[in-house]
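Please open the structure in your viewer and keep the selection panel at hand. This tour proceeds from the charged side chains to the whole chain, and then to a single residue.

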Amino acid sequence: MSEFTLNPIYEKVIADLLAQQYSVVDTFFSNEEVENLRESLLQKYNENEFKKAAIGNQFNETIVKTIRGDFISWIDEIEKNKAETAFF
């Protein structure tokens with residue numbers, strides 16, 4: 001039988017989620033991974049792949065700037081690029 005090794009970062013995330021419903025891990029991604037993902041997302045932003053965030057669901061979406069002023073772009077796990085692969 002193979003030996004199973006626990007990943008301390010994942011264990012911290014699990015413990016945090018159980019204790020406070022969120023986790024902050026400053027070193028979860030390397031600086032290079034963060035920079036690559038940032039560049040990828042900036043390229044998408046410049047190509048207008050981000051859309052104005054709305055409230056509601058797909059059948060009842062409404063843009064309300066006083067509630068949501070952000071823009072979103074879903075990362076497609078099937079059509080991901082190299083930077084997005086590291087994220088997944």
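For the first stop, Lys and Arg count as positive, while Asp and Glu count as negative. The model on display is predicted. Select these side chains in the protein chain: 9 are positive and 16 are negative. The centres of the two sets lie 8 Å apart.

Next, display the protein chain as a cartoon. Three helices and two strands can be found in it. Followed from the N terminus, the elements appear in the order α-α-β-β-α. The radius of gyration of the protein chain is 17 Å, well over the 12 Å that the globule rule gives for 88 residues, so the chain is more spread out than a compact globule.

Now show the C-alpha trace alone and rotate the view. Along its principal axes, the trace spans about 50 × 30 × 25 Å.

Then turn on the surface of the protein chain. About 7800 Å² is exposed, and carbon and sulfur atoms supply 55% of that area. Of the 88 residues, 11% are buried. Consider also the contacts between residues at least 6 apart in sequence: 24% of them join residues at least 24 apart.

Finally, select glutamine 21. Where is glutamine 21 found? It is in the loop between helix H1 (8–20) and helix H2 (31–46). The phi angle of glutamine 21 is near 70°, a positive value in a residue other than glycine. Is glutamine 21 buried or exposed? Exposed means over 50% relative accessible area; glutamine 21 has 64% relative accessibility and therefore counts as exposed.

Key: Residues are numbered from 1 along each chain as its sequence is written. This is a predicted model: local features need pLDDT of at least 70, side-chain atom pairs count only at pLDDT 80 or more; totals for chains, interfaces and linings use all residues. Side-chain values use heavy atoms; hydrogens and water are left out. Helices (H or I, at least four residues) and strands (E, at least two) are DSSP runs, numbered from the N terminus. The radius of gyration is taken over C-alpha atoms; the globule rule is 2.2 Å times the number of residues to the power 0.38. Buried means under 20% relative accessible area, exposed over 50%, partly exposed in between (1.4 Å probe, protein chains only). Contact means heavy atoms within 4.5 Å. Accessible areas come from the Shrake-Rupley method with a 1.4 Å probe; for residues, only the protein chains shown count as cover. The place of a charge is taken as NZ of Lys, CZ of Arg, CG of Asp or CD of Glu.
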